[in-house]
Amino acid sequence: MNDKAFPLLGMAMRAGKLAAGFNRCETAVKSGRAELVLICSDISAKTAKEMHFLCDKHGCPVCETDFTGFQLSAAIGTKCGVCAVTDPNFANRLKDILNCYGK
């Protein structure tokens with residue numbers, strides 16, 4: 001786990017550049033606003049599979065993280081297990097920090 005990601009996620013949330021929760025992520029991905037989707041390690045397999053399918057369909061990069069939903073929720077101030085970063089600068093920095101590249 002990389003602790004540098006948590007302050008950045010909190011900053012993105014405060015800046016309004018983070019969609020937290022499955023429904024908000026789904027909306028961001030479908031509308032093309034999502035630059036990166038982060039999935040927590042303890043999310044259900046069904047939810048992870050649905051999010052992967054949605055991201056593949058719309059060409060959005062997805063990253064399975066090693067932090068839990070509790071840790072993500074603490075970092076951003078709202079309960080969730082999946083979130084979408086809607087700002088390219090935040091997304092690129094998170095990709096670097098979390099070492100998640102690819103489609």
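Which residue in β4 does Ala19 stand opposite? In this predicted model, Ala19 faces Ala84. Let's build the picture outwards from that pair.

**The sheet**

β1 and β4 run antiparallel to each other, and three bridges join them. They belong to an open sheet of four strands, and if you walk across it you meet β1, β4, β2 and β3 in that order, with mixed pairing. The edge strands are β1 and β3, and each of these pairs on one side only. On average, neighbouring strands are turned by 20 degrees against each other, ignoring direction. As a bit of background, strands of a sheet pair through backbone hydrogen bonds, either parallel or antiparallel.

Here is where to find the strands:

| Strand | Residues |
|---|---|
| β1 | 18-20 |
| β2 | 36-39 |
| β3 | 62-64 |
| β4 | 82-85 |

**A helix on the sheet**

Helix α2, residues 22-31, packs on this sheet and touches β1, β2 and β4. Its direction makes about 30 degrees with that of β4.

**A helix with two faces**

Now look at α4, residues 69-76. Its buried residues are Gly69, Leu72, Ser73 and Ile76. Seen down the helix axis, they fall within an arc of 100 degrees, so they line one face of α4. That spacing fits a general rule: an α-helix has 3.6 residues a turn, so residues three or four places apart point the same way. What covers the buried residues of α4? Among the elements doing this are α1 (5-14), β1 and β4. On the face turned away from the buried side, you'll find the exposed residues Phe70 and Ala74. Just after α4 comes Gly77, with a positive phi of about 85 degrees.

Key:
Residues numbered from 1 in each chain as written. Predicted model: local features only at pLDDT ≥ 70, side-chain atom pairs only at ≥ 80, totals over all residues. Heavy atoms only, no water. Pairing = 2+ DSSP bridges. Helix = DSSP H or I, 4+ residues; strand = E, 2+ residues; numbered from the N terminus. Axes fitted to C-alpha atoms, helices over the stretch in contact; angles between N-to-C directions. Contact = heavy atoms within 4.5 Å. Buried < 20%, exposed > 50% of the residue type's maximum accessible area, 1.4 Å probe, protein only. Arc of directions from axis to C-beta.
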